[in-house]
Amino acid sequence: MSLPAGLPSYEFLRSLQPSTDLPGYYHLRIRKQADGRLPLLAPDGIPAFTPISMEAFFGKPGPIEIEIGCGKGGFLVEYCEKHPDFPVVGLEWEPEIACLAARRLVKRPHIPHARVLLGDAFYFFRDFLPESGVRAFHMYFPDPWPKKRHHKNRLMAHPFMAQVLRTALPDAPFYWGTDHQEYNAEAQELFASLPWLEMVEPNAEPTEGIMTNFEKKYRKQGKPIYRCVMRVRKDL
Ligand SMILES: C[S@@+](CC[C@H](N)C(=O)[O-])C[C@H]1O[C@@H](n2cnc3c(N)ncnc32)[C@H](O)[C@@H]1O
């Protein structure tokens with residue numbers, strides 16, 4: 001799968017660029033993969049807070065919903081088909097996978113409120129998302145980084161959750177799902193330590209019955225799935 005034309009390779013982009021040939025596809029940066037390890041930090045590591053205009057980015061005002069690590073976009077597409085009323089953005093940092101998701105959107109012009117953004121979810125939150133503009137967060141089957149020395153790379157950690165608190169609307173749900181028992185246990189400990197995060201459904205079913213691409217695969221393999229729904233309290 002080739003990347004859309006006009007996309008500079010291996011470059012960190014400070015501004016959000018719309019794709020020239022895939023409507024609904026934006027990119028924040030391309031991640032360098034030359035040595036097989038994905039760099040997790042922006043080359044300069046410096047926060048540059050430039051909040052986007054929801055209206056300019058989505059064609060209509062927020063609040064928005066976000067899927068973090070949307071993969072090929074199976075959930076994103078089905079969920080947007082059910083919800084035409086608010087914009088939804090899928091964040092994906094692997095260029096070829098993000099491209100597959102963006103091509104799904106092109107085939108579905110009836111969901112013009114869906115967007116795919118190529119880039120690191122953490123930097124999109126930290127540098128581009130305005131305060132209190134997100135009405136729901138979806139995070140399904142995030143990369144577990146199973147080796148102990150790689151645990152530091154897990155997105156589900158305090159710095160990311162601080163961004164969730166900043167960007168959430170009061171009472172915004174946070175949907176979480178994974179097949180990885182140990183990552184789930186670590187995440188549950190983190191959730192329980194956050195006074196502003198209220199557990200609403202500790203054993204949730206797929207959100208509105210929609211399974212992600214990975215969930216379909218894992219269920220077929222008979223793997224256990226750990227899902228829960230929480231709520232961001234801003235009244236404390
Ligand atoms: C295991 S896959 C799950 C994909 C999808 N959610 C599903 O359930 O089918 C995790 C996805 O998250 C993406 N990802 C991991 N960390 C990310 C980050 N920091 N920012 C954006 N995408 C990320 C990966 O590239 C991968 O496509």
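**Close-up views of a predicted protein model**

**View 1. Here we look at tryptophan 145.** Tryptophan 145 counts as partly exposed because 15 other C-beta atoms sit within 10 Å of its own. To sort residues this way, C-beta atoms are placed from the backbone, and a residue is buried if 20 or more others lie within 10 Å, exposed if 12 or fewer do, and partly exposed in between. You'll find tryptophan 145 in the loop between S6 and helix H5 (158-167). The names come from DSSP runs numbered from the N terminus: helices are H or I with at least four residues, strands are E with at least two. Tryptophan 145 isn't a glycine, yet its phi is positive, about 40 degrees. Most residues other than glycine have a negative phi, and most peptide bonds are trans.

A quick note for every view: residues are numbered from 1 along each chain as its sequence is written. This is a predicted model, so local features need pLDDT of at least 70 and side-chain atom pairs count only at pLDDT 80 or more, while totals for chains, interfaces and linings use all residues.

**View 2. Now for the loop between H4 and S6.** Proline 130 belongs to this loop, and serine 132 does too. Proline 130 has 15 other C-beta atoms within 10 Å, so it is partly exposed. Serine 132 is partly exposed as well, because it has 17 C-beta neighbours inside 10 Å. Serine 132 has a positive phi of about 50 degrees, although it is not a glycine. Meanwhile, proline 130 is in contact with Pro51 and Ile52, if you skip its neighbours within four places in sequence. Contact here means that the two C-beta atoms, placed from the backbone, lie within 7 Å. Proline 130 and threonine 50 are 80 residues apart along the chain, with 8.4 Å between their C-alpha atoms.

**View 3. Threonine 167 gets its own picture.** Is threonine 167 buried or exposed? It is buried, because 24 C-beta neighbours lie inside 10 Å. Threonine 167 is part of helix H5. Not counting residues up to four places away in sequence, threonine 167 touches Phe125, Leu129, Glu131, Ser132, Gly133 and Val134. Its C-alpha atom is 10.0 Å from that of alanine 136, which is 31 residues away along the chain.

**View 4. Next up is the largest nonpolar core.** A nonpolar core is a set of buried Ala, Val, Leu, Ile, Met, Phe, Trp, Tyr and Cys residues joined through C-beta atoms within 7 Å. The largest one has 52 residues, and Leu76, Phe124 and Phe137 have the most contacts inside it. Phenylalanine 137 is in contact with Ile66, Ile68, Val164, Ala172, Phe174 and Tyr175, leaving aside its neighbours within four places in sequence. In soluble globular proteins, nonpolar side chains tend to be buried together.

**View 5. Helix H2 and what covers it are the topic here.** In H2 (residues 74-82), Phe75, Leu76, Val77, Tyr79 and Cys80 are buried. The cover over these buried residues includes strand S3 (64-68), S4, helix H3 (95-106), strand S5 (114-118) and strand S6 (134-140).

**View 6. Strand S9 and its partners come next.** Two strands pair if DSSP finds at least two bridges between them. S7 (residues 173-178) runs antiparallel to S9 (residues 226-232), with six bridges joining them. One bridge partner set is tryptophan 176 and cysteine 228 in S9. S8 (residues 197-201) also runs antiparallel to S9, through four bridges. There, methionine 199 stands opposite methionine 230 in S9.

**View 7. What surrounds the ligand?** The shell has 20 residues, and the closest are Gly69, Gly71, Ala121, Thr212 and Phe214. Strand S4 (88-92), helix H4 (121-128) and helix H7 (213-220) each give two or more residues to this shell. H7 gives the most, with three. A residue counts as near if its C-beta atom, placed from the backbone, lies within 6 Å of the molecule. By class, there are 11 nonpolar, four polar and five charged residues. Ala, Val, Leu, Ile, Met, Phe, Trp, Tyr, Cys and Pro count as nonpolar, Asp, Glu, Lys and Arg as charged, and the others, Gly among them, as polar.

**View 8. Last come a cis bond and a low-pLDDT stretch.** The peptide bond joining glycine 62 and proline 63 is cis, with omega about 0 degrees. Proline 63 is in the loop between helix H1 (54-58) and S3. As for pLDDT, the predictor's confidence in each residue from 0 to 100, it stays under 50 over residues 30-40. Where pLDDT is low, the predicted coordinates should not be read in detail. The mean pLDDT of the protein is 87, and 86% of its residues reach 70 or more.
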